[in-house]
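Please open the model in a viewer and keep the sequence at hand. The tour below proceeds by selections, each followed by a description of what is found there.

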Amino acid sequence: MNKSMFETTEYTSRFLQLSEVKDYRQLVYAAERMYGTGGFGNSVAMCTALEGAAEVVIPEKAQYIRTILMELSMMQENLLRLAAIAETLNFDSLSMMCWTEREKILEILDDLTGNRMILSMCVPGGVRKSLDPEILEESLDELNVVMQKAETIKGIIAEDSMVKRRLRGVGVLAKEAAQGSSVTGPGAKGSGVDIDRRMLGEYGAYRNLDFVPVTETGGDCLARCMVKIREVIQSGELIRKAVENMPEGSIRSEMPAGINGEWIAKIEQPDGVDTFYISGSGSAFLDEIGVRTAGESNQKIMDRLENVTLENEALIRLTLGIDSCLKER
Amino acid sequence: MRSVAKIKDRFKIPGLKSLKVNSNWVFHFDGSGCDGCNAEYIACLSPGWDIERLGFRNTGNPSYADVLLVTGLLDEEAKRGLIEVYEQTRPDCKVVAAGVCACTGGLFDGSKGILSGADSVIPVDLYVAGCAVRPESIIDALMEITGNDTNKGTPEGEETA
């Protein structure tokens, strides 16, 4: 555990060090490359912090585009996590199902933005380009197929006896323990705590989309897996709503040359809440950046779990989002 | 028992080397990067891309590897691991650096403790660009470096069985 803590800090500091030589616009790309598979969320966090500090209000359409891409990004990442969990269970066919569905999401992202994971779509003040309505329509059809498959995967996780025997009652986190700790994401939601940064509507268009967080009551690894797959389905529905309600208008507002002020942005990622703090004093180079990733806040929960054994530790870490298959970096 | 000569005769393959072309084992080394390229290589093993249909197989042992695939940023910690892996590979093992971080260090080149690419540690045979590197680029590079031409048709002057 100490090693992973060391690693997390080390990798984050690599990004922080770049802030000495890169200006704030370039830093958004660096933030995206802190963490490959969920990078878009980091760029949204960075842009939200910059816009907050500069007191810039971004156009409504840009918020909707960010929401669509953010949810697609979260969908693929949740499926990736589930694939890794299934692989750890030696349940290869489930793992391959998750990979196949994830590949479809990546294809949608590729069609919409031109890249599969690191999208570089989010820029301070809005988004880089508008989404093609025709491709969006086609994507919704494809998304329906993915959501049907996700229902199948949900059924397998809920009903398969092998999955239940390996996951039920493992690494139980009581609701009180979850409330009294820094755990976020599936760790909290799986224990029945309905905490989700998207509810607050600080970023994206979630306040127009009737967002209600997914919760489960088990508190064990099975509940956390169910949260993940239900979030995939929920993301699909959010994307459909966002496409239907997308307003017309501009996609980018003007940003000042320098940032004067400070801001904290908190973004919900599949593992939990990523926190970005920035402060600047009028120049294009920021004075200070602080990053706390979801993995960092989640890993302090390990000693409060019940029924932790060595053979289950990999599963617990994967479901909680601590140093998961693809680490926080 | 079938001898190698008989197999050669049966498939009319001019040299034993050609037999190896369609069976290559890949050892994947991921540095300390953002894991985008790592996920893309794992996607290559998934049903969407499936490099196993082209004769590539993922192995966990560097001494079996025909190709050493390096992805991700390399720092001092990863450098030690990479050298350890490289020393265990066979002399004819090819090295592919996939992704811009493994090629040059990318955006993070010049940061504290970051090396400028895999070639500052070990000799690299093929560089693949991309951030993150796309699965089709990885497959293309693997086929290029091993001479595997499964989906490029039969080369000139060779007969098929």
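By about how much of the helix are Arg317(A) and Glu313(A) separated in helix α12 of chain A? Select residues 313-320 of chain A, which make up this helix. The two residues are four apart, and the separation is therefore about one helical turn. An α-helix has 3.6 residues a turn, so residues three or four places apart point the same way. Arg317(A) and Glu313(A) form a salt bridge, with 3.1 Å between the closest N and O atoms. Arg317(A) counts as buried at 13% relative accessibility, whereas Glu313(A), at 25%, is partly exposed. Please note that the model is predicted.

**The sheet of chain A**

Next, select strands β3, β4 and β5 of chain A, which form an open sheet in the order β3-β4-β5 with antiparallel pairing. Strands β3 (260-269) and β5 (288-292) stand at the edges with a single partner strand each, so one side of each has no neighbour in the sheet. On average, neighbouring strands of this sheet are turned by 10° against each other, direction ignored.

Now restrict the view to β4 (residues 272-281) and β5 of chain A, an antiparallel pair held over five bridges. Within this region, find Thr275(A), which stands opposite Arg292(A) in β5(A).

**A helix across the sheet**

Add residues 39-54 of chain A, which are helix α3. Helix α3 lies across β3, β4 and β5 of chain A and runs at about 150° to β3(A).

On helix α3, select Glu51(A) together with Arg66(A); the two form a salt bridge whose closest N and O atoms are 2.8 Å apart. This pair links distant parts of the chain, since Glu51(A) belongs to helix α3 and Arg66(A) to helix α4 (residues 60-88), 15 residues apart. Are these two partners buried or exposed? Glu51(A) is buried, with a relative accessible area of 5%, and Arg66(A) is likewise buried, at 2%.

**Salt bridges elsewhere**

Over all chains, the structure holds 20 salt bridges. In chain B, select Asp92(B) and Arg90(B), whose closest N and O atoms are 3.3 Å apart in a salt bridge. Asp92(B) is partly exposed, with a relative accessible area of 39%, and Arg90(B) also counts as partly exposed, at 30%. Then return to chain A and select Glu71(A), Lys189(A), Asp196(A), Arg198(A), Glu231(A) and Glu268(A), which are joined into one network by salt bridges that share partners.

**A helix of chain B**

Select residues 135-146 of chain B, helix α6, which has twelve residues. From its first C-alpha to its last, helix α6 reaches 17 Å, close to the 16 Å expected at 1.5 Å a residue. Its buried residues include Ile138(B), Leu142(B) and Met143(B). Helix α6 is followed by Gly147(B), whose phi is positive, near 70°.

**The interface**

Finally, display both chains. How many residues of chain B are in contact with chain A? There are 29, and they touch 29 residues of chain A. The area buried between the chains is about 2,400 Å², with carbon and sulfur atoms giving 58% of that area. On the chain B side, select Cys34(B), Leu107(B) and Phe108(B), which lose the most area to chain A and together account for 25% of what that side buries.

Two salt bridges are found across this interface. To end the tour, select Arg134(B) and Asp110(A), whose side chains meet in a salt bridge at 2.3 Å, N to O.

Definitions and conventions:
Residues numbered from 1 in each chain as written. Chains lettered and ligands numbered in written order. Predicted model: local features only at pLDDT ≥ 70, side-chain atom pairs only at ≥ 80, totals over all residues. Heavy atoms only, no water. Pairing = 2+ DSSP bridges. Axes fitted to C-alpha atoms, helices over the stretch in contact; angles between N-to-C directions. Contact = heavy atoms within 4.5 Å. Salt bridge = Lys/Arg side-chain N within 4 Å of Asp/Glu carboxyl O. Buried < 20%, exposed > 50% of the residue type's maximum accessible area, 1.4 Å probe, protein only. Expected span 1.5 Å × (residues − 1). Buried area = accessible area lost by both parts, 1.4 Å probe.
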